[in-house]
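This report examines a single protein chain. The sequence and the structure are shown first, and the description follows.

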Amino acid sequence: MAQPLFSLDGQSLITPQSVSNKFPSPHNHNETDRLRIAEAEFAVVINIAVQRFAAGKNLPDAVRWLIGQLHDIRQKFGAAVWQKIIPIIQAHPSATILQQCPFTRWSFEKPRGYSGDAGLIDFIYGHPAVAEEVARSTPLGLNIFEYTINAPGPVAVRERRDTLTRYVDETAVRTGSDTEILAIAAGHLREAEASKALAEGRLKRWVALDQDPESIGSISSQFHGTSVQPINGSVRGLLARKHQIGTFDLIYAAGLYDYLTDKVAIRLTQICMEMLKPGGVFLFANFSDEMADDGYMESYMNWELLQRSEADMWRITNAGATQNAVDKTVWFGANRNIIYSTIRKRS
Ligand SMILES: C[S@@+](CC[C@H](N)C(=O)[O-])C[C@H]1O[C@@H](n2cnc3c(N)ncnc32)[C@H](O)[C@@H]1O
């Protein structure tokens, strides 16, 4: 695995323990027996999947089936057993097959040293930035990729990008020429590529904050000469009020809360509410606990996320948005794999 190029700020480091705490084990007795049964179930499933890969027919469907089976094993046996199954899956020879998929391989190898970097999300977006990496894949890897990239999680992530573009453009219509936007954990700010308000010069500033200097470098060169202002900053810096960046009409965070514990998520929500102008909107997104790809992501991709339920989202929303909030809403994207919270500040 590649060495980390730098360390995350500690606020977005989730551990297997923090995932397990949210994902209880159904029965705590007989764990050794249940682990043996889970291993046996995985062995049956992977044998069938490998045979289907070897037969070479309808490979995307074989991957879809495998992803569904891993989800079921994860659900059935619960966190404690699942955490022990993950290294078994990762060490299984099937990993060398599935990691021929460029998206799966990137996630597992973590070339930037941490999970869920903006380069990984570019595979989901089908962005030209990763076209060369995709082109280097084997034919089998490309067949697997055809499904992994169209699995429910990635479909929901593409919808999330389009939703962010829509929020930015609608904010520009609502607020006129003084529109100020803040993207926290901006990644490569791909949602800006389709923004009419940005293209037509109708935004006063679109501040894009991220802790990864490579992402900030990408935004700086792509959006040079526009109202986009990249800032190398972190959640920790925001919580410490280190970044003096003013106030905004729209603040959003996508692909971030999935890595934050409740305590940090609530504190960050409070800080974002303070940074909103009157009438401004804060939006945050999280993978929902109804997502279907979790078993595959946590094993073959080594990508752990904190999934959240509607009740979890309300808890963060209510604790984070106190006296100045109006119109709090929690809502699902179309396939319910991502859940959103939007909070409007009193005018
Ligand atoms: C999954 S990407 C999402 C990128 C983008 N928002 C999108 O939706 O495509 C997650 C981003 O969060 C950033 N990130 C993670 N933890 C962070 C932290 N504590 N402070 C600032 N940025 C963080 C990473 O550098 C990465 O660019």
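The text below treats the two domains, one enclosed helix, the salt bridges and two arginine residues in turn.

## The two domains and their interface

The structure is a predicted model. The domain assignment divides the chain into domain 1, residues 16-150, and domain 2, residues 154-345. Their C-alpha centres are 27 Å apart. To the contact between them, domain 1 contributes 43 residues and domain 2 contributes 33 residues.

The size of an interface is often given as the accessible area lost when the parts come together. For domain 1 and domain 2 the buried area is about 3300 Å², and 56% of it lies on carbon and sulfur atoms.

The interface also has polar and charged pairings. Between domain 1 and domain 2 there are 23 residue pairs in polar contact. On the side of domain 1 that touches domain 2, two or more residues come from each of several elements, among them helix 1 (16-22), helix 2 (31-55), helix 3 (59-91) and helix 5 (102-109). The greatest contribution to this side is made by helix 3, with 11 residues. Sorted by class, the side of domain 1 that touches domain 2 holds 23 nonpolar, 15 polar and 5 charged residues. Across the interface of the two domains, 5 salt bridges are found.

## An enclosed helix

Is helix 5 largely enclosed or largely open? Helix 5 is largely enclosed by the rest of the structure, because 6 of its 8 residues are buried. The buried residues in helix 5 are Pro-102, Phe-103, Thr-104, Arg-105, Trp-106 and Ser-107. The elements that cover them include helix 4, helix 6, helix 7 (131-135), helix 8, helix 9 and helix 14 (294-299). Just after helix 5, Lys-110 adopts a positive phi of about 50°.

## Salt bridges

Side chains of opposite charge can pair when their charged atoms come close. The structure holds 26 salt bridges. Four of the pairs are set out in the table.

| Pair | Closest N to O distance |
|---|---|
| Glu-298 and Arg-74 | 2.9 Å |
| Lys-277 and Glu-180 | 2.8 Å |
| Arg-190 and Glu-193 | 3.4 Å |
| Asp-327 and Arg-344 | 2.6 Å |

In the salt bridge between Lys-277 and Glu-180, the closest N and O atoms are 2.8 Å apart. Lys-277 belongs to strand 5 (residues 276-287) and Glu-180 to strand 1 (residues 180-184), so this pair ties together parts that are 97 residues apart in sequence. Lys-277 has a relative accessible area of 17% and is therefore buried. Glu-180, at 10% relative accessibility, is likewise counted as buried.

Another pairing joins the side chains of Asp-327 and Arg-344, at 2.6 Å from N to O. This pair links distant parts of the chain, with Asp-327 in strand 6 (residues 325-332) and Arg-344 in strand 7 (residues 338-345), 17 residues apart. Asp-327 counts as partly exposed at 48% relative accessibility, and Arg-344 is partly exposed with a relative accessible area of 29%.

In the salt bridge of Arg-190 with Glu-193, Arg-190 is buried, with a relative accessible area of 7%. Its partner Glu-193 is partly exposed, with a relative accessible area of 39%.

Salt bridges can also join into a network. Which residues are linked in this way? They are Arg-112, Asp-117, Asp-212 and Glu-214.

## Two arginine residues

Arg-161 is part of helix 9 (residues 152-175). Is Arg-161 buried or exposed? Its relative accessibility is 18%; buried means under 20%, and Arg-161 therefore counts as buried. Apart from neighbours within four places in sequence, Arg-161 is in contact with Tyr-125, Arg-190 and Glu-191. One of these contacts, Arg-190, is the residue that forms a salt bridge with Glu-193.

Arg-267 is located in helix 13 (residues 262-274). At 32% relative accessibility, Arg-267 counts as partly exposed. When residues up to four places away in sequence are not counted, Arg-267 touches Leu-239 and Arg-241. Between the C-alpha atoms of Arg-267 and Ala-129 the separation is 34 Å, and the two residues are 138 residues apart along the chain.

Note on methods:
Residues numbered from 1 in each chain as written. Predicted model: local features only at pLDDT ≥ 70, side-chain atom pairs only at ≥ 80, totals over all residues. Heavy atoms only, no water. Domains from an automatic or database assignment. Contact = heavy atoms within 4.5 Å. Buried area = accessible area lost by both parts, 1.4 Å probe. Salt bridge = Lys/Arg side-chain N within 4 Å of Asp/Glu carboxyl O. Polar contact = N/O pair within 3.5 Å; in protein donor to acceptor, adjacent residues only side chain to side chain. Helix = DSSP H or I, 4+ residues; strand = E, 2+ residues; numbered from the N terminus. Nonpolar A, V, L, I, M, F, W, Y, C, P; charged D, E, K, R; others polar. Buried < 20%, exposed > 50% of the residue type's maximum accessible area, 1.4 Å probe, protein only.
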